[in-house]
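Work through the exercises below with the sequence and the model at hand. Each task is followed by a solution in steps.

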Amino acid sequence: MRLDKFIATVTDLSRTDAKRAIKAGEVTVGGSVAIDAQLEVAADARVELSGRPLRAATARYFMLHKPEGCVCATKDRQHLTVLELLDVDNRESLHIAGRLDIDTTGLVLLTDDGQWSHRITAPKAHCDKTYWLQTAEPIPAETVKQFERGLFLHSEKERLKPAQLELIDAVTARLTISEGKYHQVKRMFGAIGNAVIKLHRERIGALELGALAPGEYRALTAAEIAALAA
Ligand code: URA
C-alpha cells in the first residue's frame, strides 16, 4: 500500500493531511524519514508519525451474499454496489476477489490483501467455483460430457478447462468451473443454444456461502483465510 494511504488508513488523518505530514518529514518507515508519499509499504511495515508508532494495517477478509440488482464495482451512479453493503471503516480500500454480474446472486469475497485475492482469481490458481443455475430450455444429458471435455467459446483461443455439471432437474443444475472468464457460465450455456435465467454462486474453493441472507456479510475466520490461500 502507498505510504499516504497507509497513514490515512490507520489514523484519523485524511490522505491530504497524510501527504502534508510526509512532506514535512514527520513520518519514518523502518526508522528512516520517508518523504515520498507514493512509497510502497508492506502491511506490517514499522511506520511512525511524529515519533508515534502506527498500528500495522492488518488485512481484512469478508464474505458477502450479493443480492440481485447490486453491482460488483467500487462505484456506480445508478446501482447499489457490494461495497455499500459493508458497514466497515475505510471500505474503499477493499476490492472484490471475483466479480458477479448484476443479476447473479451469491458468494462474493472482499479483501484488501491483493496477494490473497490473486491466489483466488489468477487463471493459474484453478480455484473451483460452484454455481446453482436455471436455464430457459431443458438441459440435454449430453451437456454433462460436453462441459467435461471443455467447450470452445467465441473469442477464446483455447478450449475451456473441464467443468463439472450436475443435473438437478430438466432446467436446474449445479456447475463447477475452475476459471473465471467474462460471463463464463452464461456463455457456456449460450454456446449450446440455451440461456441461463438464474445464477447463484454457492462456493469458492473450500468456502461456502452457508446461511448468510442476501445483503448480509461476515468476516472470514483465520482458518477460512488460510484454506483459500492454500
Ligand atoms: N458466470 C457468469 O456468466 N456470470 C457470473 O456472474 C458469474 C459467472
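**Exercise 1.** Decide whether Ser178 is buried or exposed in this predicted model, and list what Ser178 touches beyond its sequence neighbours.

*Solution.*
- Step 1. Ser178 sits in the loop that joins β10 and α5.
- Step 2. The relative accessible area of Ser178 is 13%. The limit for buried is under 20%, so Ser178 is buried.
- Step 3. With residues up to four places away in sequence left out, Ser178 touches His126, Cys127, Asp128, Lys129 and Lys161.

**Exercise 2.** Take His126 and Ser155, and state for each the sign of phi, the loop and the exposure.

*Solution.*
- Step 1. Most residues other than glycine have a negative phi.
- Step 2. His126, which is not a glycine, has a positive phi of about 45°. Ser155 also has a positive phi, near 65°.
- Step 3. His126 belongs to the loop between α3 and β8, and Ser155 to the loop between α4 (143–149) and β9 (164–169).
- Step 4. His126 has a relative accessible area of 42% and is partly exposed. For Ser155 the value is 73%, and this residue is exposed.

**Exercise 3.** Locate the largest nonpolar core relative to the domains.

*Solution.*
- Step 1. The domain assignment divides the chain into domain 1 (3–53), domain 2 (59–125 + 210–230) and domain 3 (128–204).
- Step 2. The largest nonpolar core holds 29 residues. Leu110, Leu133, Phe147, Leu175, Val185, Met188 and Phe189 have the most contacts inside this core.
- Step 3. At least two core residues come from each of β5 (61–66), β7 (105–111), β8 (129–135), β10 (172–177), α5 (184–191) and β11 (196–204).
- Step 4. Both domain 2 and domain 3 give residues to the core, so the core lies between them.
- Step 5. Another core lies apart from this one and has 16 residues, including Val10, Ala18, Ala34 and Val47.
- Step 6. For one residue in detail, take Phe147: beyond four places in sequence, Phe147 touches Lys161, Pro162, Ala163, Leu165, Leu175, Met188, Phe189 and Ile192.

**Exercise 4.** Describe how α3 and α6 meet.

*Solution.*
- Step 1. Two packed helices are described by the angle between their axes and the distance between the axes.
- Step 2. The axes of α3 (residues 114–121) and α6 (residues 222–229) come within 9 Å and cross at roughly 55°.
- Step 3. The two helices are therefore oblique to each other.
- Step 4. α3 contributes Trp116, Arg119 and Ile120 to the contact, while α6 contributes Ile225, Leu228 and Ala229.
- Step 5. Sorted by class, this contact has five nonpolar, no polar and one charged residues.

**Exercise 5.** Where does Ile102 lie, and which residues are in contact with Ile102?

*Solution.*
- Step 1. Ile102 is placed in the loop between β6 (95–96) and β7.
- Step 2. A relative accessible area of 34% makes Ile102 partly exposed.
- Step 3. Outside four places in sequence, the residues in contact with Ile102 are Lys66, Pro67, Glu68, Gly69, Cys70, Val71 and His79.
- Step 4. Ile102 and Gln184 are 82 residues apart along the chain, and their C-alpha atoms are separated by 14 Å.

**Exercise 6.** Summarise the chain as a whole.

*Solution.*
- Step 1. The chain contains six helices and 13 strands.
- Step 2. The C-alpha trace spans about 70 × 35 × 30 Å along its principal axes.
- Step 3. The C-alpha centres of domain 1 and domain 2 are 28 Å apart.
- Step 4. Of the 230 residues, 41% count as buried.

Technical notes. Residues are numbered from 1 along each chain as its sequence is written. This is a predicted model: local features need pLDDT of at least 70, side-chain atom pairs count only at pLDDT 80 or more; totals for chains, interfaces and linings use all residues. Side-chain values use heavy atoms; hydrogens and water are left out. Domain bounds come from an automatic or database domain assignment. A nonpolar core is a set of buried Ala, Val, Leu, Ile, Met, Phe, Trp, Tyr and Cys residues joined through side-chain atoms within 4.5 Å. Buried means under 20% relative accessible area, exposed over 50%, partly exposed in between (1.4 Å probe, protein chains only). Helices (H or I, at least four residues) and strands (E, at least two) are DSSP runs, numbered from the N terminus. Contact means heavy atoms within 4.5 Å. Axes are lines fitted to C-alpha atoms, for helices over the stretch in contact, and angles run from 0 to 180 degrees between N-to-C directions. Angles under 35 degrees count as roughly parallel, over 145 as roughly antiparallel, 65 to 115 as roughly perpendicular and the rest as oblique. Ala, Val, Leu, Ile, Met, Phe, Trp, Tyr, Cys and Pro count as nonpolar, Asp, Glu, Lys and Arg as charged, and the others, Gly among them, as polar.
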